[in-house]
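Thanks for making the time this morning. I would like to walk through one model with you, and I will put it on the screen before I say anything about it.

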Amino acid sequence: MSNVIVVVGAQWGDEGKGKIVDVLSKKADVVARYQGGHNAGHTVVINDDKFILHMIPSGILYRDKICLVGNGVVVDPSAFIEEINGLKERGVSVGKNLLLSKNAHMIMPYHIVIDIAKEKALREKSLGTTGRGIGPAYVDKMARVGLRTGDLLQPAVFKEKLSVSISTINFLLENLYNAPSFKVEDIYSTYMGYAEKLSEYITDTDMFINKMLSDNKNILCEGAQGTLLDIDHGTYPFVTSSNPVAGGACTGLGISPLKISGIIGVIKAYTTRVGSGPFPTELRDSLGETFRERGGEYGATTGRPRRCGWLDMVSLRHSVMINGFTGIALTKLDILDGVEKIRICTSYKYNGSLIDLFPKELSILEQCEPVYAELEGWTESTSGITHLNRLPKAARAYIQTIESMLGVEVQLVSTGQRRDELIVLKEQFT
């Protein structure tokens, strides 16, 4: 019988999913990405080599894995080709082991222009997007006017759909954003060039993945971003344009919920957030700066500095509820080394009352003050430790507190960037 494990970010993204997916890929047959675009960056360190992947699953670093980019992903063909070429240049085998869904929507040049122009127009109320066209591509998907990678295999169909879209897009660009318009022939010519390079990868990935399930293969599903950036369940409107939550794996890959056997929530030992939006436990002092520098908290894709703060149990309980985690992967425990007192937010205070549930209203969340429990820190180094009993007593107590507060078992603990700097408490694939 096959196992299907979904790896989900439990916070605002950047939890270290790339490493966890890389480690779990060892015993998977297929590694599948189910949502998001190339605004995400998954970092994997093998020995002293660092790989930053944006769309291609990190399982590609194993030669014997099939890596699949599902229909829930929006793909910039140029960036996708660049990522393939970058991997090949570093000696990574990319060929029949990489599949791209025919139904994955494409990011078009005008999506990027709209993304940037809209952010500029919002000024101080901007959402802090990466300006890579992800949101506008999902807008066209939902408006049923998007172009999909499968359209590249039918040039006449692609050109016809593009012509219909361009007339509306040009009107919008010229009259709303005062931006230059696009010519059908220019885009058509460029994307037909992409078609030549991508045609070998484009296929019916939903059929493939379900055939793998029938053959009792192990499937590892990875999302980008995190639960609190989910379009439906995150801190809207400061969210991404898709569903990083566990349910997104089903719609983004075309598999039944009944096939999922485990859901691993990746939690950083503290909390970070990139861009705008409420962040109750944010540290605006030297300790926050320390976390940023120690943890290398700069966006893998954009280089933007991440805001840092204490672990937030109110938001994490929300993530547990939405996703139904069967286990937790705790990352960057070593960044807390040497912190004398460690705080965990247990509830919020709003208008003089305690709140235990994560508020849906942004206006309320922005006014919430964290209520903390305090734990003893540890002075010993946890870096590179691979056995739980070798962790300092206070570090073990911190892990146990997280388990107790969330009611979910910590099954993996990362103690450094490298692939082998990990404590495995439970195997995911049997």
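How much space lies in the largest cavity? Please bear in mind, as we go, that this is a predicted model, and with that said, about 40 Å³ of space lies in the largest cavity. With a threshold of 30 Å³ or more, the count comes to one cavity. If you want to find the place on the screen, the largest cavity is lined by Arg33, His42, Leu53, His54, Met55, Ile56, Pro57, Ser58 and Glu222, and sorted by class that lining has four nonpolar, three polar and two charged residues.

One of those lining residues, His42, takes us to strand S3, which covers residues 42–46. Four of the five residues of S3 are buried, so the strand is largely enclosed by the rest of the structure. S3 runs antiparallel to strand S4, residues 49–53, and five bridges join the two. Within that pairing, Thr43 stands opposite Ile52 in S4. The hairpin of S3 and S4 has two residues between the strands, and here Asn47 takes a positive phi near 55 degrees. Phe51 has a charged neighbour, since Arg90 lies over the face of this ring at 3.9 Å from the ring centre. A second case of this kind is Lys65, which lies over the face of Tyr62 at 5.8 Å from the ring centre.

Let me turn now to the aromatic rings, where a search of the whole structure finds eight aromatic pairs. One of them is formed by Tyr110 and Phe182, which meet edge-to-face, with 6.2 Å from centre to centre and 75 degrees between the planes. Tyr110 belongs to helix H3, residues 109–122, whereas Phe182 sits in the loop between helix H5 (155–175) and helix H6 (184–198), so this pair ties together parts that are 72 residues apart in sequence. Both Tyr110 and Phe182 are buried.

How are the rings of Phe158 and Tyr188 placed relative to each other? Their centres are 6.3 Å apart and their planes stand at 35 degrees, so the pair is tilted. Because Phe158 lies in helix H5 and Tyr188 in helix H6, the pair ties together parts that are 30 residues apart in sequence. Phe158 has 0% relative accessibility and therefore counts as buried. To finish with this region, ring pairs link Phe158, Tyr188, Tyr191 and Tyr194 into a cluster.

Key
Residues numbered from 1 in each chain as written. Predicted model: local features only at pLDDT ≥ 70, side-chain atom pairs only at ≥ 80, totals over all residues. Heavy atoms only, no water. Phe/Tyr/Trp six-rings, centres within 6.5 Å; stacked < 30°, edge-to-face > 60°. Buried < 20%, exposed > 50% of the residue type's maximum accessible area, 1.4 Å probe, protein only. Lys NZ or Arg CZ within 6 Å of the ring centre and 35° of its normal. Pairing = 2+ DSSP bridges. 1 Å grid on protein atoms, 1.4 Å probe; cavity = no way out; pocket = protein on both sides within 12 Å on 5 of 7 lines; lining within 4 Å. Points joined across faces, edges and corners; volume = space filled by probe spheres on them. Nonpolar A, V, L, I, M, F, W, Y, C, P; charged D, E, K, R; others polar.
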